[in-house]
Amino acid sequence: MEVEGMECPPSSQSEMPHIEDLQLSQPDVQQQEETTCAEDVCVDKETVAKLTEGLLAHYLPDLQQSKGTLHELTQNQLILLDTLDQEVTKFREFNALLDLNSLFTEAKVYHNKLVNIRKEMITIHEKTTKLKKRALKLQHQKQKEFLEKEQQREKELERERQLIAKPAKRN
């Protein structure tokens, strides 16, 4: 494709340019700077600029809208991540609370066991106190009986001594 009055240099490798073709005059150099050649197509830079503007004008609003939508989506995802993190924290606290409740329940059970053991110890203490008193009474009673027997035996011995004949005294 050619633009008005412009020729493109040969693009195929089989056709090598001649030295005369490579030597350009001043106007040709200026004209070549303003044109772009790619694969047998020569386009004016002004045309490229206008086509670029048109392409950008056509796609830029949609791209900016997409960019805004993606930004909004990213923000929503961050909010969701924060919310999810808060929910996870709540579940951990709830599990910790359940563990704490089970510990309190277990502590209550052991407290009741301790109260029962204390009651049993008090009952055992009362029984041992009664047994000690009874043992003391029995000990006093046996000592009393022993003393009475001892006194009785002494009385009997004294009586026997008195009953034994004594030689009479001669005066």
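**A chain with charged and nonpolar spots**

At 63% relative accessibility, K130 counts as exposed (buried is under 20% relative accessible area, exposed over 50% and partly exposed in between, with a 1.4 Å probe and protein chains only). This is a predicted model, where local features need pLDDT of at least 70 and side-chain atom pairs count only at pLDDT 80 or more, while totals for chains, interfaces and linings use all residues. Residues are numbered from 1 along each chain as its sequence is written, and side-chain values use heavy atoms, leaving out hydrogens and water.

**The chain as a whole**

- The protein chain has three helices and two strands (DSSP runs numbered from the N terminus: helices are H or I with at least four residues, strands are E with at least two).
- If you walk along the sequence of the protein chain, you meet the pattern α-α-β-β-α.
- Just 2% of the 171 residues in the protein chain count as buried.
- The protein chain's accessible surface is about 17000 Å², and carbon and sulfur atoms hold 57% of that (Shrake-Rupley method, 1.4 Å probe; for residues, only the protein chains shown count as cover).

**Salt bridges**

- The count comes to four salt bridges (a side-chain nitrogen of Lys or Arg within 4 Å of a carboxyl oxygen of Asp or Glu).
- One of them pairs K50 with E46, whose closest N and O atoms are 3.4 Å apart.
- Both K50 and E46 belong to helix α3, which covers residues 45–163, and they sit four residues apart, about one turn of the helix.
- K50 counts as exposed because its relative accessibility is 55%.
- E87 teams up with K90, and here the closest N and O atoms are 3.8 Å apart.
- E87 and K90 are three residues apart in helix α3, so about one helical turn separates them.
- With 34% relative accessibility, E87 counts as partly exposed.
- R153 and E150 make another salt bridge, with 3.0 Å between the closest N and O atoms.
- R153 and E150 are also three residues apart in helix α3, which means about one helical turn lies between them.
- R153 is partly exposed at 48% relative accessibility, and E150 is partly exposed too, with a relative accessible area of 24%.

**Surface patches**

- F94, L97, L98, L100, L103 and F104 make a nonpolar surface patch of about 600 Å² (patch residues have over 30% relative accessible area and no salt bridge; nonpolar side chains, meaning Val, Leu, Ile, Met, Phe, Trp and Tyr, are joined within 5 Å, like charges within 9 Å).
- L98 from this patch is in helix α3, and L98 counts as partly exposed because its relative accessible area is 42%.
- K127, K130, K133 and K137 form a positive surface patch (Lys and Arg count as positive, Asp and Glu as negative, and His and the chain ends are not counted; a charge is placed at NZ of Lys, CZ of Arg, CG of Asp or CD of Glu).
- K130, the residue we started with, is in helix α3.
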